[in-house]
Amino acid sequence: MPVPPNLAPQTDSRLGRIVRLLIAHATVVVSGTKIAAEIGISRSEIWRLVQQLRDLGVEIAGHPSTGYSLKSVPDLLLPDMLAPQLHGTIFGKHIHHYYKIGSTNTLAMEAASAGAPEGDVFLAEQQTAGRGRGANQWHSARSSGIYCSVLLRPALAPSEALILSLAAGLAVHSAVQEIDARVVPDLKWPNDVLIEGKKFCGILTEMNAEVTRVRHVVVGIGINVNQSTFPADLQPVATSLRLATGTEWSRVELCTALLKSLDREYRSLIENRDAADSIRRRFQERSSSVRGRRVEVEGDAVFEGITEGLDSRGFLQVRTAEGVRTVLSGTVRPR
């Protein structure tokens, strides 16, 4: 089921088809006539779409009279670049790409309410109103990060939905390590991923639910990939994979690894009785802060204590002078 057209204009799918065609003939110049015949449009329309790709930063050599060739493979998260690598996952069939929108999570929630199917993926090159937890914004520089939201319809009670955020954190951890095993991400409960104490990934999980069951969940994942700088107020707390490693990353490769890893975590969760226990255990193993760390919790009340792991639903437990308290919501800061 396509996303209703009133929600947001998607990227012209023909752009991705042109890129894939040029990649498939990377060693030769492809005539405008051949591209037009393959896609089923006029040569003049091919010229217009090539100009649009150039405006978006894709390096294409050539001219309508001679043909076209790619100077380099573009690092754009186009459906035609991702879908062939996601065959067999729940995320390979409906990938929606936008060059500039407000928020992928907002769009995904609207699409979910309109009946979009489980497994829909919403990707943006740039967000103008990217959201974090609470009133926080997510800095979304153009074509530098991964701004991704996925739609799920799990058979879970609302009180169990936190496990999806933990699973998403594990998926990010696995994807990064798959690309570069030297990078060791640190999971910060409930929805941040850090490198050397600085945040490079945030996860925002939103749901629509009845009292006893979840109707749909949107898991939003923002990853700072190739940013070389941040606004002054973010520099003390934010980093990117490029800053952390000194090398540029392929967003296409990382996004593919992320969605494959998230597919594995989600399938296991809905198919295996013990999967939730595994997610909690592995999250604790990959987090330096959920056990034995003095923290301050700021929510309905402010208190301090020592973290004592996760409870059976995935909520953080903190031992205070008055006893163990379970953190259901709020901000947890190291002390």
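Is Glu 196 buried or exposed? In this predicted model, Glu 196 has a relative accessible area of 80%. Because exposed means over 50% relative accessible area, Glu 196 counts as exposed. You can find Glu 196 in the loop between E7 and E8. Look at its backbone too: the phi angle of Glu 196 is positive, about 50°, although this residue is not a glycine.

Now let's step back along the chain to another loop. Pro 190 sits between strand E6 (186-188) and strand E7 (192-195). The peptide bond that joins Trp 189 and Pro 190 is cis, with omega at about -5°.

For a contrast with Glu 196, turn to Arg 280, which belongs to helix H9 (residues 275-285). Its relative accessible area is 11%, and since buried means under 20%, Arg 280 counts as buried. What is Arg 280 in contact with, leaving aside its neighbours within four places in sequence? The list holds Ile 163, Leu 166, Leu 310, Asp 311, Ser 312, Arg 313 and Gly 314.

Another arginine is worth a visit. The charged end of Arg 325 sits over the ring of Phe 303, at 4.0 Å from the ring's centre. As for aromatic rings paired with each other, the count is 0.

Next, let's look at empty space. Rolling a probe the size of a water molecule over the atoms shows where such space is left. The second largest pocket has a volume of about 350 Å³. It is lined by 17 residues, and the closest to its centre are Leu 162, Ser 165, Thr 205, Phe 315 and Leu 328. Helix H6 (162-179) and strand E8 (198-209) are the elements that give two or more residues to this lining. Strand E8 gives the most, with 5 residues. Sorted by character, the lining has 10 nonpolar, 5 polar and 2 charged residues.

There is also an enclosed space to find. The count comes to 1 cavity of 30 Å³ or more, and the largest cavity holds about 30 Å³ of space. Which residues line the largest cavity? They are Leu 152, Leu 164, Ala 167, Val 219, Leu 262 and Tyr 266. Helix H6 appears again here: H6 and helix H8 (251-271) each supply at least two residues of the cavity's lining. This lining has 6 nonpolar residues, with no polar and no charged ones.

Definitions and conventions: Residues are numbered from 1 along each chain as its sequence is written. This is a predicted model: local features need pLDDT of at least 70, side-chain atom pairs count only at pLDDT 80 or more; totals for chains, interfaces and linings use all residues. Side-chain values use heavy atoms; hydrogens and water are left out. On a 1 Å grid over the protein atoms alone, a cavity is a set of points where a 1.4 Å probe fits but cannot get out, and a pocket is an open set with protein on both sides within 12 Å along at least five of seven lines; lining residues have an atom within 4 Å of a point. Grid points are joined across faces, edges and corners, and a volume is the space filled by probe spheres set on the points. Helices (H or I, at least four residues) and strands (E, at least two) are DSSP runs, numbered from the N terminus. Ala, Val, Leu, Ile, Met, Phe, Trp, Tyr, Cys and Pro count as nonpolar, Asp, Glu, Lys and Arg as charged, and the others, Gly among them, as polar. Buried means under 20% relative accessible area, exposed over 50%, partly exposed in between (1.4 Å probe, protein chains only). Contact means heavy atoms within 4.5 Å. Rings of Phe, Tyr and Trp (its six-membered ring) pair if their centres lie within 6.5 Å; planes under 30 degrees apart count as stacked, over 60 as edge-to-face and the rest as tilted. A charge sits over a ring if NZ of Lys or CZ of Arg is within 6 Å of the ring centre and within 35 degrees of the ring normal.
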